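User: I'd like to learn how to read a model like this one, feature by feature. Could we begin with the ligand site?

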Amino acid sequence: MNSSEPVITLEGVWTCYGDSVIHKDLHLRVDKGEVLGVVGGSGSGKTTLLREILGLQQPSRGKVSLFGVDLADPDEKRQRAVRRRLGVLFQHGALFSALSVYDNIAFSLRELKCLDEEWIRNLVHLKLQMVELEPRHGRLMPAELSGGMVKRVALARALALEPELLLLDEPTSGLDPERSKGFVRLINGLQGELGFTVVMVTHDLETLNGLSGSVAVLADQRIVAKGPVEEVARLDHPYIRNFFRLDTDSALMEEGEY
Ligand SMILES: Nc1ncnc2c1ncn2[C@@H]1O[C@H](COP(=O)(O)OP(=O)(O)O)[C@@H](O)[C@H]1O
Ligand SMILES: [Mg+2]
């Protein structure tokens with residue numbers, strides 16, 4: 001991949017479920033090192049968009065490319081290589097509930113089948129440290145963790161393979177404002193240190209404002225605006241006006257399922 005090549009491109013993407021059109025000729029480009037918040041109303045198709053970027057779902061029409069590779073390319077090996085370059089934090093079911101924190105983070109490292117347990121232990125401890133947890137937390141089971149810790153462990157797991165692209169779906173939903181802020185600070189800090197590209201879906205204005213990056217707005221079945229938050233917030237569009245200037249209550253009833 002040459003340095004000017006975008007990390008993500010969506011070109012002319014249509015997504016239809018039966019008669020309902022979710023995305024209509026949607027275009028989006030995300031460059032290397034970009035930190036992008038994606039906002040949009042409940043049911044506007046944010047999670048679907050992430051699923052398409054992840055290759056979990058094919059759009060009805062149009063093209064999705066990651067690192068210059070068309071996700072419709074049938075070459076399984078190439079697709080696997082692309083997937084290995086991204087980390088993801090899902091909104092729900094973030095951790096394997098039957099595995100300890102340690103084993104959750106070690107999971108994808110073990111799947112590589114080329115690291116011995118000592119290496120894995122070092123890497124797991126490093127990831128725990130990155131998300132401000134200690135080695136002893138590795139022994140805990142997901143059910144024993146607070147909401148904020150679940151998110152941080154999920155982040156550690158998403159970062160296990162040192163992804164170049166991190167995708168997060170509503171990572172602060174269910175957290176109180178303080179913990180949300182802490183989590184976004186953590187993302188900013190790690191991104192600054194490691195330089196990966198971030199795409200974060202959120203319906204929360206505070207979370208978006210905390211993220212040190214730009215914003216893309218999903219409305220009217222497409223990305224209606226993308227740019228620095230201050231610039232986008234000034235645009236005259238009903239959803240944007242509502243999201244940035246009025247209340248965020250309507251956006252609080254957010255749900256998403258995988
Ligand atoms: N597998 C599916 N079959 C039919 N409709 C779906 C499916 N997945 C999502 N939808 C619908 O598509 C719309 C967008 O969903 P989603 O991407 O989850 O929105 P968001 O994450 O922005 O809330 C919603 O109206 C949802 O009900
Ligand atoms: Mg969603």
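User: Which residues are closest to ligand 1, and how many surround ligand 1?

Analyst: Happy to help, and keep in mind that this is a predicted model. Ligand 1 is surrounded by 11 residues. The closest are Tyr-17, Gly-43, Lys-46, Thr-47 and Thr-48.

User: Which helix gives the largest share of that shell?

Analyst: That is helix H1, residues 46-53, which supplies three residues of the shell around ligand 1.

User: And how does the shell around ligand 1 divide by class?

Analyst: Eight of its residues are polar, two are nonpolar and one is charged.

User: Let's turn to the sheet. In what order do the four strands of the open sheet come?

Analyst: The general idea first: strands of a sheet pair through backbone hydrogen bonds, and the pairing is either parallel or antiparallel. Here the order is E2-E1-E4-E5, with antiparallel pairing. Strand E2 (20-30) and E5 are at the edges with a single partner strand each, so one side of each has no neighbour in the sheet.

User: How many bridges join strand E1 to E2?

Analyst: Seven bridges link E1 (residues 8-17) with E2, and the two run antiparallel. To find your place along this pair, look for Leu-10, which sits opposite Leu-28 in E2.

User: What about backbone angles: which value does phi of Phe-67 take?

Analyst: Phi of Phe-67 is near 50 degrees, which is positive although the residue is not glycine. Phe-67 belongs to the loop between strand E4 (61-66) and strand E5 (69-70).

User: Why does Phe-67 count as partly exposed?

Analyst: A residue needs 20 or more other C-beta atoms within 10 Å to be buried. Phe-67 has 19, so it is partly exposed.

User: Where does Glu-132 lie?

Analyst: Glu-132 is in the loop between helix H4 (117-130) and helix H5 (147-158). Phi of Glu-132 is near 65 degrees, again a positive value in a residue other than glycine. With 13 other C-beta atoms within 10 Å, Glu-132 is partly exposed.

User: Now the whole chain: how many helices and strands does the protein chain have?

Analyst: The protein chain has 10 helices and 10 strands. Its radius of gyration is 18 Å, close to the 18 Å from the globule rule for 258 residues, so the chain is as compact as a globular protein of that length.

User: What share of the residues counts as buried?

Analyst: Of the 258 residues, 38% are buried. As for contacts between residues at least 6 apart in sequence, 67% join residues at least 24 apart.

Terms used. Residues numbered from 1 in each chain as written. Chains lettered and ligands numbered in written order. Predicted model: local features only at pLDDT ≥ 70, side-chain atom pairs only at ≥ 80, totals over all residues. Rg over C-alpha atoms; globule rule 2.2 N^0.38 Å. Buried ≥ 20, exposed ≤ 12 C-beta atoms within 10 Å, placed from the backbone. Contact = placed C-beta atoms within 7 Å. Near = placed C-beta within 6 Å. Nonpolar A, V, L, I, M, F, W, Y, C, P; charged D, E, K, R; others polar. Pairing = 2+ DSSP bridges.
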